[in-house]
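With the model open in your viewer, follow the selections below in turn, and keep a display of side chains ready for each stop.

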Amino acid sequence: MRRPTRRRLLPWLVAAVAGAALTAAPPAAGALPVTAAPPAAGALPSAADGAPRQTGSSSAAAAADVPPEDVYRPVRGPSAPAEYRYVQKTLPGQALPRHAYDRAAAEAARLPAVGGRWKSVGPTNIGGRIVSLALDPRRADTLYAAAASGGLWRSTDAGATFRSVWPDDLTQAMGAVAVAPDGTLYAGTGEPNPGGGSITYEGTGLYRSTDGGAHWTRLGLRDSGAISAITVDPADPRRLYVAAAGSLYNAGGDRGVYRSEDGGATWQRILEGENAFTGATEIVVDGDRLYAVLWDHRRTPSLRTYGGVGSGVFRSTDDGRTWQRLGGGLPARSADVGRIGLAVAGDRLYALVNRTDGPFEGFYSSADGGDTWARTPDDPRLTASQSSFGWWFGKVWIDPVDTDHVHVAGVALLTTKDAGRTWSADATSIHVDHHALVWDPRRPGRVYLGNDGGVYRSDARGDGGWVASRHQPYTQLYSAAITPQDPTRISGGSQDNGSLRSWGSPDGGFDEYLGGDGEENLINPRDKDNVIACYQYGNCFRSTDGGDTLTYFADATTYQRRNWFTPVVFDPRDPEILYYGSEVVNRSTDGGATWQAISGDLSGGPGDDPVYTNYGTITSLAPAGDGRTVYAGTDDGRVWVTRDLGGTWTKLAEGRPWVTRVVVDEKDPDRVWTTHSAYRSGSPLAHVYGSTDGGRTWRDLSGNLPEAPVNDLVAARAGILYAATDQGVFTSFTGGGHWFRLGRGMPRVPVDDIEYDPSRNRLVAATFGRGFYELRTW
């Protein structure tokens, strides 16, 4: 394993990620007001004129110390990508349909496959969110890691390298992993943490493998939505306990605590929640006692509520026949009780309690098996570790040889050596946002940790000395960028791991060259060293040296609102010309140094959500090859065109679902396609439209595509189309209507972006959980 470099974030972004009060600024000083007509000619101030530069990559100098003038980040923390994902993938006012992802995946599986094999092309050295870890009790140094939307992985070299042990044709959304004393492996699907973007991909139940992951059998609990924890009775490997969190979007189903006496063949619910949205997040077997944590949490089309009267700690002393809600000093039953983390070691218990709205409520200790509890002294480090989203963590781990030594999951990893009286925080030697930790009983002092950056190991009881896995190919990607000048160059934005590039790292792996949640990435097709990289909400930088130095330019654009994923595109005729979409279209003719708005507000106006103020935005831009025509799509389903560089704009469509992509034929500005998101229940609205008359009339090209979001489209030679969806990549040889699955060998994982190099017949896909894949086409 290699020693990790510090997670690369600008210093002013580190503070934001850690929950510091970095003000969500209004439109930057100098940003032009939005008007119906384009603003008067005149360059806006250049980002280079006083705006700081980010210098360096992991192999170069450190980042600038001062922020740009307008850091636009209206929402922070893991709720932001979750909100973006949810709103994009649902119809306005409608909840996510139950089993939407799985049903669409089944439709996809029925389509015949054409083409060659997809090849994984990295990154292998970056990682992604790990939600659960388990050690094999029969094999030393063998560790299983469950990736949020990247399947299940096994390491046989103490976490140094991992290989997949999960079927490619099953959902890749994971929640929990456990190994029985006899070596039987159990995996629960569906991520229970309601953030980070993968919550729209609900699980399909519990699975078992008796041969280390080579073959799997589904055991049931299909309606569990997400499985939070699996506990095997150490005295009986056929006795299983499962904490089912339940669907975040749909009431009822399989939620609560379940027990099986026959290795998962049959199940009995032994603890039911107080209401239809109460699920279980922990189940602990401690001798003849059982402990469980229940949590009220739900997401409606307009509201997140991550707590409630059903949230609490429960104990049974008769093998689950009866349960007692524990009080004795814990917060009383209340609508304000949020997610709770629990750890048990004999009579010593610890509970981390957060409030429904997210912040830290308190840390509690019990020395009598949970009869009575004492709140430990307040500590600003512990409080800050939960930021405003304690529901993202909810985990406590006790050192098996010292019950005063405890780790707590947060933005930073928190540690106490005196039972909660004092705390230390580690947010620098390891990636932030922690979810899983396990002690190795064979190796005194050895601890494995899973967080948003992957898997780490410490041989110092978790008190430092962390090293990261050097091979962990389960990065969640939002975007891809390639160049015909160099097929080895790939870049892309990743969930909580920044903008990544395949060049610039001294060890030959991928390199994080801009932090935050990586979003749009571009490589100039005529100059591979001219790159664009953005983090969330359109905070974008340009570079002329491949990303070694970066200049911020978003402060030079006109905006009132910017989408979580703000579109930036090169003009196909001249890459010195760029387009940038807020609620208006911005255009630059000097490589992004200066910008001018060329439209008014193309959306239906801001949404009515007082927290998420970043809707009513442009989501896709498509300049044509004639130098005059530009198409735009919005998050509220509008499609526009200008044929005179913004002098006039014509609305071509409205009332459609979220526009994920507008594509125009570079040689024919009247030939245009749009793709659309959202899972639907019986809606006749298409996922792909095409027009040959500049958008005056449209044809539904969805055909036999799965009923699932289409995230991107490529129009290739000879009328061939490639479509990226939540269920993989599809192709049509007839310009739409009749589709085939494209290629073999790509797991069942969402594909957010595809890029095409016609000079090499090469397609590169950015997957949300398994990194980049590449395919040679026709």
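Begin by selecting Tyr 722 and Tyr 756, both of which are buried in this predicted model. Tyr 722 belongs to strand 55 (residues 721-725) and Tyr 756 to strand 58 (residues 751-757), so the pair links distant parts of the chain, 34 residues apart. What are the distance of the ring centres and the angle of the planes for Tyr 722 and Tyr 756? The centres are 5.9 Å apart and the planes stand at 45°, an angle that makes the pair tilted.

Next, select Trp 166 and Tyr 207, another of the 30 aromatic pairs counted in the model. Here the ring centres lie 5.3 Å apart with the planes at 85°, and therefore the pair is edge-to-face. This pair also links distant parts of the chain, with Trp 166 in the loop between strand 7 (163-164) and strand 8 (174-179) and Tyr 207 in strand 10 (residues 206-209), 41 residues apart. Trp 166 counts as buried because its relative accessibility is 3%, and Tyr 207 counts as buried because its value is 4%.

Now turn to the cluster that ring pairs build, whose members include Tyr 72, Tyr 84, Tyr 101, Trp 564, Trp 658 and Phe 768. Keep Tyr 101 selected and extend the selection to helix 3 (residues 100-109), where Tyr 101 is buried along with Ala 100, Asp 102, Ala 104, Ala 105 and Ala 108. Showing strand 56 (728-732) and strand 57 (740-744) beside this helix reveals what the buried residues of helix 3 pack against.

For a different kind of ring partner, select Arg 489 and Trp 503: Arg 489 lies over the face of Trp 503, at 4.5 Å from the ring centre. Then move to Arg 656 and Trp 698, where the charged end of Arg 656 sits over the ring, 4.6 Å from its centre.

Finish with the open sheet formed by four strands in the order 46-47-48-49, in which the pairing is antiparallel. Which strands form the edges of this sheet? They are strand 46 (618-623) and strand 49 (650-653), each of which pairs on one side only. On average, and with direction ignored, neighbouring strands of the sheet are turned by 25° against each other. To look more closely at one edge, select strand 46 together with strand 47 (residues 630-634), which pair in the antiparallel sense over five bridges; within strand 47, Thr 634 is the bridge partner of Ile 618.

Technical notes. Residues numbered from 1 in each chain as written. Predicted model: local features only at pLDDT ≥ 70, side-chain atom pairs only at ≥ 80, totals over all residues. Heavy atoms only, no water. Buried < 20%, exposed > 50% of the residue type's maximum accessible area, 1.4 Å probe, protein only. Helix = DSSP H or I, 4+ residues; strand = E, 2+ residues; numbered from the N terminus. Contact = heavy atoms within 4.5 Å. Phe/Tyr/Trp six-rings, centres within 6.5 Å; stacked < 30°, edge-to-face > 60°. Lys NZ or Arg CZ within 6 Å of the ring centre and 35° of its normal. Pairing = 2+ DSSP bridges. Axes fitted to C-alpha atoms, helices over the stretch in contact; angles between N-to-C directions.
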